[in-house]
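Biologist: Could you take a close look at one part of this model for me, namely the side of one chain that touches the other, and tell me which elements build it?

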Amino acid sequence: MRLNLSTVFAAGICASLAAPAAAQDILTVAQRQDPQNWDPVDTFLVAWGSVASNIYDGLVRRDENLDLQPGLAESWEVLDEGMRLRFKLREGVSFHNGEPFDAEAVKYTFDRLLGEVGGTGPQQSNYTTIDHVEIIDDYTVDFHMAQPDPVMLTKLAGYGAMIVPPDYIEEVGEEEFDMNPVGTGPFKFESYTQGAQVELSANEDYFDGVPEVDGLVFRFIREDATRLAELQSGAVDIMADVAFSAVPTIDSAGNLEIVSVPGPTIYSLALKTVEPAATADLRVRKALNMAIDKQALIDAFLAGRGQPIDSLQGELSFGYDPEMEGYAYDPEAARALLEEAGVPQGAEMTIDYRAGNSTFNEVAQALTGFFANVGLKVGLNPIEDGVFLNEIVPQGRTNEMYQFSWGGWTFDFDNTAYLSYHEGEKWNPYGTSEEMNALLEEQRNSTDQAEREEILQEIARLAHEEAYHIPLYNEETVYAVADGVEGFVPAPDKRLRLNSVSLSDQ
Amino acid sequence: MRAFRSFEFTAGLILTGIMGLAVILSPLLFPGGGMGQDLVARLTPPLTSAEYPLGTDPLGRDILARVVVGGRISFFVGIVSALGAVVIGTVIGLFAGYYRGPWDMFLMRFADIQLALPFILLAMTVIAIIGPGLDRIIILMIVAQWVQYARLIRGSVLSLRQSEYVQAAKSYGLGDLRILFVHILPNAMGPLVILGTLNVANNILLESSLTFLGLGIDPLIPSWGGMLADGRNYIQTAPWVTIFPGLAIMMTVLGLNLLGDWLRDRLDPLGQTK
């Protein structure tokens, strides 16, 4: 079986190089990172999501517009004021190994996620508001909650909630499952070569759109330039993780196309709000905000693929307030405010940031140029990731400004806001206010989405008034697609579900 | 002078001279230090604007100014670290070779261990722990290179200490220090000078590599390795961002190597006979 398939794959790759298409259509995707492990409970990597979203399904699925759609559950109800969620499951679905999907599989999945196995991975903590899952009949389950969780339905489309086959895992064991996953999704897992590639084949019985292509190959190529060269040479059909600086090159190539979509990730500079930093003064923090022309940064370093932001969220985030106005770019006013605050011309400040991201490295350098325009002498301090994340930020040992970039997969402002503004959180080493803490807790305890949205907007407004950060931009996720690939519509959450993509004959 | 007829000498002197002169004059030529940004004029191609003859980089900074000013850092790192390593290595080598005994044993085994460590790996580890910086790069290079000089000098001293003139000096009752520095050192200097010159070139390359890897100096300060790193992502659309600092590195290193070769021919007794 395996031998047979690899010949098929080899033929497919050859066919995409040579002009006339063979019987087999194989779509090849190149991405930077190899997630190394295919078990849903063991990962939080976007690189996992792009591949494994083709292998697994959750009870619900989030579409390209971030709306929830039925997945393995046909319908659901919220009962007992959010303390119980009832799901009606889809009938007649089976896992890739032939095992039937039913209520037993759902219960097994969540017992495993919330139990010992899940405890060894990073996903469990997202689902701790679930108390237990109860089987009502073969195709009905109840989720009993430990406390209401307004974001739980969205989270059920998340990595950790992907439904796994009970008999298969019990039979082959956890370690084998990590390397040979089985799900219900549009593609079946075939083979995986660590550090190189993973091969999937179409699931002809898929309940939600049988794949257009016969197989998928995900190749893991670390170096940006190499990945681009593979795309240019025709060995790759879709390239993920396109560097912004490569966008003009791809745009000018006749046979390649750039496809981009707003992503969850925002970039900002957090400000040190305690003495002796000059940024302890609110006027200075406002002045720093006014000194930056965000659109110019986006045009220069993101190839225009981003949106300026005034709070720590993009337009797609729940809690985004289109009415809110940020600090406009106004170097004159910034200089006046600095003078009023008694900051002398030529005063020195430093930006701490994570070394290794070439785009942000350029942005940071350009920021010092904008600060120089208002009379500040700002230096840069690139820091190795581990040191930055473990020693500098949580222990409050930063300079006046430090990088904060975050992307909550749920697209719910709660995720970012809580860990940047709530007392004692890792990304809030200098504290905010009692009022802020109260608001953050209030929205977490509410299940009324309209009320939550209002509170989240209030939080963003308060953070803006206190200028805790200099929000910069919301980055788009950029893909490059070769001619002949049709129907590729990436989702904002960076999960690539490729059953509707086809390869045309060329 | 016969020297001027040597191709190595002429070419080496011209290349190193041009770069050296530009570097020495850089504060007069480019008082702004190549730090000024002009986002509107980013990635201007060379020879298209009078203001930026060699074009601009992704932040709209003048590449000509940055190449020249960046050379200051490169020369400084190259020369200071080579000098430091020469001085430390020489002193250790002299004493180890002259006194022999357990200290010699200890120092040379230590040197062997040191030689077994790959430099870039060592540098990456140390910098990940203590953070990047110009001073740290220089210290790292000295730490990595003193061994070569120490072993070189020790070898010469081992043979020289047996020679008749040293024995004669001893029998006159001269102090050890005087014998080491006045009588032995000058006779062991030849290979040292050659190695030193070649290592200046080597160090310039190392500094560029480390800065390219993001382990070197402040990204705002122009340096050749940093400029190469800045241009890496633009190599297809704006190759000039990498070409000019690359050329500068090549000219300097080539020039220094030619000079080093010429010196070897002049100072190496075997080379002179040809």
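Modeller: What follows describes that contact, then the strands beside it, and lastly what a record says about the partner chain. Please keep in mind throughout that this is a predicted model. The contact draws 21 residues from chain A and 16 residues from chain B. On the side of chain A that touches chain B, the elements giving two or more residues are helix 9 (247-252), helix 11 (294-301), helix 13 (358-373) and strand 15 (376-383) of chain A. Of these, helix 13 of chain A gives the most, with seven residues. Sorted by character, the residues on this side of chain A comprise ten nonpolar, nine polar and two charged.

Helix 13 of chain A also belongs to a right-handed β-α-β unit, which it makes together with strand 14 and strand 15 of chain A. Within that unit, strand 14 (residues 347-354) of chain A pairs with strand 15 of chain A in the parallel sense, over eight bridges, and Tyr353(A) has Pro382(A), in strand 15 of chain A, as its bridge partner.

As for the partner chain, an unreviewed UniProt entry annotates residues 12-30, 73-98, 110-131, 179-201 and 237-259 of chain B as "transmembrane region". Two of these ranges can be set against the model: over residues 73-98 of chain B the chain is 100% helix and 0% strand, with the end C-alpha atoms 37 Å apart, while over residues 110-131 of chain B it is 86% helix and 0% strand, with the end C-alpha atoms 26 Å apart.

Technical notes:
Residues numbered from 1 in each chain as written. Chains lettered and ligands numbered in written order. Predicted model: local features only at pLDDT ≥ 70, side-chain atom pairs only at ≥ 80, totals over all residues. UniProt positions renumbered as here; feature names shortened; annotations may be inferred. Helix = DSSP H or I, 4+ residues; strand = E, 2+ residues; numbered from the N terminus. Contact = placed C-beta atoms within 7 Å. Nonpolar A, V, L, I, M, F, W, Y, C, P; charged D, E, K, R; others polar. Pairing = 2+ DSSP bridges. Right-handed = clockwise from strand over helix to strand, strands pointing away.
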